[in-house]
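Here's a quick tour of a protein chain and the ligands that come with it. Have the viewer open as you read.

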Amino acid sequence: MSQEDLKPNDRGGFNRMRPRPEGNNGDPRKGPKFNLYWIWGILAVILLGFNLFSSFAPDTKRITFAEFNEQMLAKGDVEKIILISNKNLVRVYIRKDSLKKDYYQSKLPKGYNPDTDKGPQFEFTIAKPEIFTDDLRDFYQKNPAVKEVPRIDDTEGDWLAPIFQFVLPIFVIVLIWVLLMRKMGGGAGGGAGPGGIFNIGKSKAQLFDKGTKVNITFNDVAGLDEAKVEVMEIVDFLKNPKKYTNLGGKIPKGALLIGPPGTGKTLLAKAVAGEAQVPFFSLSGSDFVEMFVGVGASRVRDLFKQAREKAPCIIFIDEIDAIGRARGKNAIMSNDERESTLNQLLVEMDGFSGESGIIVLAATNRPDVLDTALLRPGRFDRQISIDKPDVKGREAIFKVHLKPIKVSEAVDIHKLAEQTPGFAGADIANVCNEAALIAARKGKEAVDMSDFQDAVDRVIGGLEKKNKIISPEEKKIIAYHEAGHAICGWYLEHAYPLLKVTIVPRGTAALGYAQYTPKEQYLYNTDQLMDQICMTLGGRAAEDLFFGKISTGAQNDLQQITRMAYAMVSVYGMNEKVGNVSFYDPQQENSFTKPYSEETSRMIDEEVRKLIDSAYERTKELLLEKKQQVEVLAEKLLDKEVLFQNDVELLIGKRPYEEKKTLDVEETPAIA
Ligand code: ADP
Ligand code: ZN
């Protein structure tokens, strides 16, 4: 559990919306793998069937040419003969009615059933096909009485059979293979083109050519001032490498951009390419890891080959954790394909010298899981961390994304930034776009503040579900639950000041939520964490107090406090009995062998329980004391559905701990 995990969330919502999927563990390509096994299975059965079928045909019996000539042909019993020229063999088919003759009864091959089995019944060898046909001609000349002339299929029948037995199945296999390849290659939009199957190992790196496609500059990247300073050096180097090498300096080969999704890592990498006017290759880590062994490694090889031809250039690898996870620590989870891809990447990075002008930028939000080999000197030895923007950063990002939008004069960008705590750059871009769409739908001339407010709600909770049917009783429970959160936040000193509370159902998961302004803070003391836990428990406690029964709506709240409580006891050493120990296990490597005894494990569980129980009691006491305020707030919520900070102030008075303004806290530097 990291600091990040412990940081209480800014929205303690009633059955909060699902967290955004972060990381990239889900492999969308599981389907074809399963299908492939089926196809192989079916093919095996078909081939087996072929073989069994052909071996079921009864044996033919060897005879001599004389026997054939005198006993069969001369008597008019032969229905058909097949001349297999390449084997100097003749196969003989006897008429069905002739088979009844006594002669054949003793002569027929063993186990031959004249009623059901088909010919040929006999075969004999010849010296040469031409001689045989001459002999036949002789025979008919000498025996004009023989009216029953057999049909001669003078074909090399024996090479037709193999066609059906071997060539056809192989053809089918190849066909299926080709189809599969196309499907896979086409999945990413590329492979259906010419020669899809032959390009399987070619990287899907998109190339933006110099000057034409990458017209993104640092002006398009708002905030991220420190990160910009760091990458500035890379830009400078790409522009005039001589300046660095002349002084004998070592040029960086790679930099790792670390930060949560949507914070502008890709944007920054593109801006580096745009500023330096060099080509930009981009590829996602998950693209490397394919279902075919060796494909990932060959993709890496190909990507670097292309890049070397276009150097100087930028290679950007998104989601590098998909290939860069620590190798082979856990035998059960090891993945050969990923490892060989990673090894290839390491080899390639070692393979080019700093002067070649290739700079590899990679992005991840899980630097802790990366293989340490990636972080060694000469590889991604620089790490640039990119955090979610603070209020100033958000304001700057809003300014960038509002440029192309017609906004009314009343729109206060600073206020928008204040109302969107926890939003990443991508969320803000989304809000701006949504606001423009909402305003357009209403036929407005310009986008105004209420459109932005709606857009913020929409981005937080997905689309507003106006017609979602919620019974009045349910609505009442939700209102009291949210009021419980809000009152706790209001009267607990270390909880976050409330920003907004709503019971408008949104999206699929959230039935309502309370949103707070989080303090940008990196260290928490026990009191602060306890207040956070109490605030998160406020919803359930209110249900308990006012209705005497509890609902499933608190599931997400409970999940959150369980995590926090376990972190306090077993990671941050905040429990007296367990003591100053930390069992920090970010990769869950020790899921089978815990680094502590059964006894300690039981003690941790016990202490967590005690902690949560006491927090719950405290929360209930507080809400009992402020019962009237909860009721006022809940009833108003039922009426208005949305309440902002100043509405709450009007209803129940100012927050007793209104210290400095929240924004000042955000702007003060973090305590180290
Ligand atoms: P990441 O790679 O970190 O997941 P992206 O770079 O793909 O995020 O960001 C997605 C979008 O969000 C960008 O295309 C841009 O529109 C917007 N965005 C993110 N951060 C910023 C920022 N700092 N300034 C301006 N726009 C941003
Ligand atoms: Zn809740």
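## Two loop residues with positive phi

Gln277 sits in the loop that runs between H9 and strand S8 (280–284). Keep in mind that you're looking at a predicted model. The phi angle of Gln277 is near 60 degrees, a positive value in a residue other than glycine. Is Gln277 buried or exposed? Neither, quite: with 40% relative accessibility, Gln277 counts as partly exposed.

Leu224 is another non-glycine residue with a positive phi, here near 50 degrees. Look for Leu224 in the loop between strand S6 (206–208) and helix H7 (225–239).

## Around ligand 1

Ligand 1 has 16 residues around it, and the ones that come nearest are Ala222, Gly262, Lys265, Thr266 and His401. Some of these make polar contacts. A backbone N or O atom of Ala222 is 2.8 Å from a nitrogen atom of the ligand, and a polar side-chain atom of Lys265 lies 2.8 Å from one of the ligand's oxygen atoms. His401 joins in through its side chain, with an N or O atom 2.9 Å from a nitrogen atom of ligand 1.

How much of ligand 1 does the protein bury? Taken alone, the ligand exposes 560 Å², and the protein buries 80% of that. Helix H9 (265–276), helix H14 (391–402) and helix H16 (425–441) are the elements that give two or more residues to the shell. By character, the shell residues split into eight nonpolar, six polar and two charged.

## The zinc site

Now for ligand 2, the zinc ion. Which residues coordinate it? His481 and His485 each do so through NE2, and Asp557 through OD, at 1.9 to 2.1 Å. Written as a sequence pattern, the donor spacing is H-x3-H-x71-D.

The site brings distant parts of the chain together: His481 belongs to helix H18 (residues 472–491) and Asp557 to helix H20 (residues 555–571), 76 residues apart. His481 is buried, at 0% relative accessibility, and Asp557 is buried too, with a relative accessible area of 2%.

## Salt bridges

There are 20 salt bridges in the structure. One of them joins the side chains of Arg62 and Glu123, at 3.3 Å from N to O. Why does this pair tie together parts that are 61 residues apart in sequence? Because Arg62 lies in strand S1 (residues 61–62), while Glu123 lies in strand S4 (residues 122–125). Glu123 counts as buried, at 9% relative accessibility.

Lys444 and Asp451 pair up as well, their side chains meeting at 2.8 Å, N to O. Asp451 is buried at 0% relative accessibility, whereas Lys444 is partly exposed, with a relative accessible area of 29%. Both residues belong to a network of salt bridges that links Lys442, Lys444, Asp448, Asp451 and Asp454. Elsewhere, Lys654 forms a salt bridge with Glu649, and their closest N and O atoms are 3.4 Å apart. Here Lys654 is exposed, with a relative accessible area of 59%, and Glu649 counts as partly exposed at 24% relative accessibility.

How values were computed: Residues numbered from 1 in each chain as written. Chains lettered and ligands numbered in written order. Predicted model: local features only at pLDDT ≥ 70, side-chain atom pairs only at ≥ 80, totals over all residues. Heavy atoms only, no water. Near = heavy atom within 4 Å. Polar contact = N/O pair within 3.5 Å; in protein donor to acceptor, adjacent residues only side chain to side chain. Areas by Shrake-Rupley, 256 points an atom, 1.4 Å probe, with all protein chains shown as cover. Helix = DSSP H or I, 4+ residues; strand = E, 2+ residues; numbered from the N terminus. Nonpolar A, V, L, I, M, F, W, Y, C, P; charged D, E, K, R; others polar. Salt bridge = Lys/Arg side-chain N within 4 Å of Asp/Glu carboxyl O. Buried < 20%, exposed > 50% of the residue type's maximum accessible area, 1.4 Å probe, protein only. Donors = N, O, S within 2.8 Å, 3.2 Å for Na, K, Ca; no water.
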